[in-house]
Amino acid sequence: MNKINKILDLVFNKKISSVIIRIWILLLIVFTVYKGYILGWSEYMLVGEGAWSLRKYYANKGLYSLQYLNIFSIMMASAIIVLPLTLWFLFFKSRQLFKNPLITYFSYSLLICMSIYTFIRIDTPLNYYASRYFLPVLIPVLIILFILIISKLNLKFVIIPLIIIICLFNFTYNIILMQNPIFEGSFNLFNEIMEEAPKKSYIFLNTDSYSRKLLTLNLKYLGDFNVIYIGNGKSLNQIKNKINLYLEELKLEECYLLSTSLSGLNKYYKKIDFTFHVFPQQILYPTKNILLSKNYFLYKLDRKKITNLKINEETFYDIGNEDGIFVDNMYEAENNKFRWTKNKSYVNLYYYKKNNIKLIIKMVGPRPKNNPASVTIYFNDEKIDSFIKESGDLEYTIYIPKDLIKDGEVQKLRIESNTWNPSNYGYNDRRNLGVAIDWLKIEEV
Ligand SMILES: [Ca+2]
């Protein structure tokens, strides 16, 4: 015990602690500058798995990369000025400050937390979400320490401007968030479902995970429904089997199926359009949200109807016009006519027969002379063709052997290409555009 006390005495001695803490702060700064340089100006951190694979979007991008440093989000979470001021005072007023052992204690605590988010983990892909790591301990410690420092140094004259800066910073975001509510409009969706399905019915969800989160609890509480999630699978046979198993197990005669992916079923459906907002995946706190839309398809089913469920094949896909269920990862529809692809975009083809087919893709839109699109087409993840698309219209035909078609499932078409940015050519459009697609057509051969 004596030894521990002696160590504590040393560590909390104001001269020694002022040396330790100043060296510590210097190390933090030097390390952060060094790693910031590595992150922003080298390819070293481009590799990473899981969430860290997102580094390919932000590493090696110069100053832009630095927003992804944890220290940057810690500053964002504490009104920008609190952390730099705290470190400044600890460094330059250390002797005076460490007369108060509480300040010494909180300074060590802060530096331990800061070390975790610098030495151990320097960056985060989504700082806005990562803020939750800082909130429980680091931010309270920082704020308490900051208050202790202000009162110890008797900095009355800076308190008013400080409060103004902090309030301005926080209220700016709060006001913007209040002006852009994200959960607007979903009540209509629940109402539309409740109009069709009586209370306490069984509803099977065959949806993406966003819809699962949105619908499961809300339908349970609002309509007293029994909600069962059966995955996001797109194979009709799997869905039929799953629902049949549940009906047998629960001894049910009837149920409902709500799906985001099975648009081509032959009957019994009500289509519900749903528009909703999401925050964009970006590093700073969101100041706007993006409007997205989805189509839900509601089916009323019993055992007989389930057995008879067949899919109407679609052979014509009009992109840009009511195409929400076909397209994935493309830009918004323009003039109800076409959509631009990104460097990787998808079209879901509701074609279920094992046939040799040809797929005709109609592309439109400009493209700079010195930068044509080099397009590669994948069908169910198999590379099947590649070609060059220059400015203007192009109807391109691709032959697909029946071996590549998945029986009874939705076929996935992936379109990859290099992109061009119109803002580099004098247009007021900062998107990275691939090719503009007007329609696709399947013909059996
Ligand atoms: Ca079209």
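# Notebook: strands, helices and odd loop residues

**Entry 1, a pairing in β8.** I began with one residue pair: Asn-348 stands opposite Lys-412 in β13. This is a predicted model, and I kept that in mind throughout. The strands behind the pair are β8 and β13 (residues 411–417), antiparallel to each other and joined by 6 bridges. I also looked up Lys-344, whose bridge partner in β13 is Glu-416.

**Entry 2, other partners of β8.** Next I followed β8 (residues 339–349) to β7 (residues 327–330), and found an antiparallel pairing over 3 bridges. Here Val-327 faces Val-347 of β8. I then turned to β14 (residues 436–444), which is antiparallel to β8 and joined to it by 2 bridges. Across that pairing, Arg-339 sits opposite Ile-437 in β14.

**Entry 3, the surroundings of β13.** My next stop was strand β10 (residues 373–379), which runs antiparallel to β13 with 5 bridges between them. Tyr-378 is the residue opposite Arg-414 in β13. Is β13 enclosed or open? I found that 5 of its 7 residues are buried, so β13 is largely enclosed by the rest of the structure.

**Entry 4, Asn-432.** I moved along to the loop between β13 and β14, where Asn-432 lies. This residue is partly exposed, because it has 14 other C-beta atoms within 10 Å, and partly exposed means a count between 12 and 20. Which residues does Asn-432 contact, once its neighbours within four places in sequence are set aside? My list reads Lys-342, Asn-343, Thr-419 and Asn-421. I checked a distance as well: the C-alpha atoms of Asn-432 and Lys-300 are 42 Å apart, with the two positions 132 residues apart along the chain.

**Entry 5, positive phi angles.** I went looking for backbone oddities and noted Asn-154, which is not a glycine yet has a positive phi of about 55°. Asn-154 belongs to the loop between α9 (138–152) and α10 (156–179). Is Asn-154 buried or exposed? I count it as exposed, because only 12 or fewer neighbours are needed for that label and Asn-154 has 7 other C-beta atoms within 10 Å.

Asp-224 came up in the same search, again not a glycine and again with a positive phi of about 55°. I placed Asp-224 in the loop between α12 (209–223) and β2 (226–229). Asp-224 has 12 C-beta neighbours inside 10 Å, and it counts as exposed because the limit is 12 or fewer.

One further entry for the list is Lys-251, just after α13, with a positive phi of about 55°.

**Entry 6, two helix lengths.** How far apart are the end C-alpha atoms of α13 (residues 236–250)? I found 21 Å, and this agrees with the 21 Å that its 15 residues should span at 1.5 Å a residue. For α10 I did the same: its 24 residues should span 34 Å at that rise of 1.5 Å a residue, and the end C-alpha atoms are 35 Å apart, which agrees. I also checked burial in α10, and the number of buried residues among its 24 is 0, so this helix lies largely in the open.

**Entry 7, domains.** The domain assignment of the protein chain lists domain 1 (2–179), domain 2 (186–308) and domain 3 (316–444). I noted that the centres of domain 1 and domain 2, taken over C-alpha atoms, are 45 Å apart. How many residues does each side bring to the contact? Domain 1 gives 8 residues and domain 2 gives 6. On the domain 1 side, α8 (127–134) and α10 each supply at least two of the residues that touch domain 2. I sorted that side by class and got 6 nonpolar residues, 2 polar ones and no charged ones.

**Entry 8, confidence.** I closed with pLDDT, which has a mean of 88 over the protein chain, with 96% of the residues at 70 or more. Where is confidence lowest, and where is it highest? The lowest mean is 72, in α8, and the highest is 97, in β10. Looking back over my pages, α8 is also one of the helices on the side of domain 1 that touches domain 2, while β10 is the strand I had paired with β13.

How values were computed:
Residues are numbered from 1 along each chain as its sequence is written. This is a predicted model: local features need pLDDT of at least 70, side-chain atom pairs count only at pLDDT 80 or more; totals for chains, interfaces and linings use all residues. The expected span of a helix is 1.5 Å times one less than its number of residues. Two strands pair if DSSP finds at least two bridges between them. Two residues are in contact if their C-beta atoms, placed from the backbone, lie within 7 Å. Domain bounds come from an automatic or database domain assignment. Ala, Val, Leu, Ile, Met, Phe, Trp, Tyr, Cys and Pro count as nonpolar, Asp, Glu, Lys and Arg as charged, and the others, Gly among them, as polar. pLDDT is the predictor's confidence in each residue, from 0 to 100.
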